[in-house]
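Colleague: I would like a close look at a single part of this model, namely the largest pocket. Please explain which residues line the largest pocket, and then place that part within the rest of the chain.

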Amino acid sequence: MLETSPPEIFDCQSCGACCAYSADWPRFSLESDEELAAIPEAMVARDESGMKFENGRCCALTGEVGKHVGCSVYMVRPHVCRTCMPGDEECKIARAEFGFSLNGLPEPDVYFK
């Protein structure tokens with residue numbers, strides 16, 4: 001089962017913009033060797049700098065952006081993914097890039113991962 005933010009806060013499973021925004025976004029930064037080893041090798045970028053980005057999205061993203069999405073590595077996702085909060089600046093930038101509404105987004109401090 002794929003997990004995401006509680007729908008009463010904001011349903012990330014109907015968005016996915018943050019996971020399809022930029023090849024430069026899903027970069028590894030604070031992961032330990034053990035955390036990196038838990039991410040399937042096939043989903044890691046060739047230069048090992050972050051998640052593989054292909055066809056305009058993180059390769060761990062499942063479904064259709066803006067309709068219904070999930071993360072196939074949710075439990076072992078990188079720190080950058082864990083810290084992206086619904087309604088934070090990164091969320092707003094990604095949503096704007098896709099032309100998605102910014103109305104109804106929570107304040108980022110409402111939700112803790």
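Modeller: What follows starts with the whole chain, turns to the pocket, and ends with some pairs that are far apart in sequence.

Please keep in mind throughout that this is a predicted model, and that every value below is computed from it. The chain has 113 residues, of which 35% count as buried, and its secondary structure comes to 3 helices and 4 strands. Read from the N terminus, these elements follow one another in the order α-β-β-β-β-α-α. The accessible surface of the chain is about 6800 Å², and carbon and sulfur atoms account for 52% of that area.

Now to the part you asked about. The largest pocket holds about 170 Å³ of space, and its lining is made up of F28, L36, A37, I39, E41, V44, A45, R46 and E48. If we sort the residues of this lining by character, 6 are nonpolar and 3 are charged, while none is polar.

F28, which belongs to the pocket lining, is a good residue to follow from here. When its neighbours within four places in sequence are set aside, F28 is in contact with L36, I39, V44, E48, S49, G50, M51 and P78. F28 is also a member of the largest nonpolar core, which has 10 residues and includes I39, M43, V44, M51, C58, A60, C71, V73 and Y74 as well. Here a general tendency is worth recalling: in soluble globular proteins, nonpolar side chains tend to be buried together.

E48, another residue of the lining, deserves separate attention. E48 sits in the loop that runs between helix 1, residues 33-38, and strand 1, residues 53-54. With a relative accessibility of 61%, E48 counts as exposed, because the cut-off for that word is over 50%. The backbone of E48 has a positive phi of about 60°, even though E48 is not a glycine. A positive phi is also found at N55, a residue other than glycine, where the value is near 55°. N55 lies in the loop between strand 1 and strand 2, the latter covering residues 57-58, and N55 is exposed as well, with a relative accessible area of 78%.

Finally, consider how distant parts of the sequence meet. Among the contacts that join residues at least 6 apart in sequence, 57% link residues that are at least 24 apart. In the segment before helix 1 we find G16, which has a relative accessible area of 5% and is therefore buried, since that word means under 20%. Apart from its neighbours within four places in sequence, G16 is in contact with L61, V65 and V69. G16 and R95 are 79 residues apart in sequence, yet their C-alpha atoms are 8.6 Å apart in space. C12 is found in the segment before helix 1 too, but C12 counts as partly exposed, at 24% relative accessibility. The C-alpha atoms of C12 and K67 are separated by 9.9 Å, with their positions 55 residues apart along the chain. On strand 4, which covers residues 68-71, lies G70, a buried residue with a relative accessible area of 9%. G70 and C15 are 55 residues apart in sequence, and the distance from C-alpha to C-alpha is 9.3 Å.

Note on methods
Residues are numbered from 1 along each chain as its sequence is written. This is a predicted model: local features need pLDDT of at least 70, side-chain atom pairs count only at pLDDT 80 or more; totals for chains, interfaces and linings use all residues. Side-chain values use heavy atoms; hydrogens and water are left out. On a 1 Å grid over the protein atoms alone, a cavity is a set of points where a 1.4 Å probe fits but cannot get out, and a pocket is an open set with protein on both sides within 12 Å along at least five of seven lines; lining residues have an atom within 4 Å of a point. Grid points are joined across faces, edges and corners, and a volume is the space filled by probe spheres set on the points. Ala, Val, Leu, Ile, Met, Phe, Trp, Tyr, Cys and Pro count as nonpolar, Asp, Glu, Lys and Arg as charged, and the others, Gly among them, as polar. Helices (H or I, at least four residues) and strands (E, at least two) are DSSP runs, numbered from the N terminus. Buried means under 20% relative accessible area, exposed over 50%, partly exposed in between (1.4 Å probe, protein chains only). Contact means heavy atoms within 4.5 Å. Accessible areas come from the Shrake-Rupley method with a 1.4 Å probe; for residues, only the protein chains shown count as cover. A nonpolar core is a set of buried Ala, Val, Leu, Ile, Met, Phe, Trp, Tyr and Cys residues joined through side-chain atoms within 4.5 Å.
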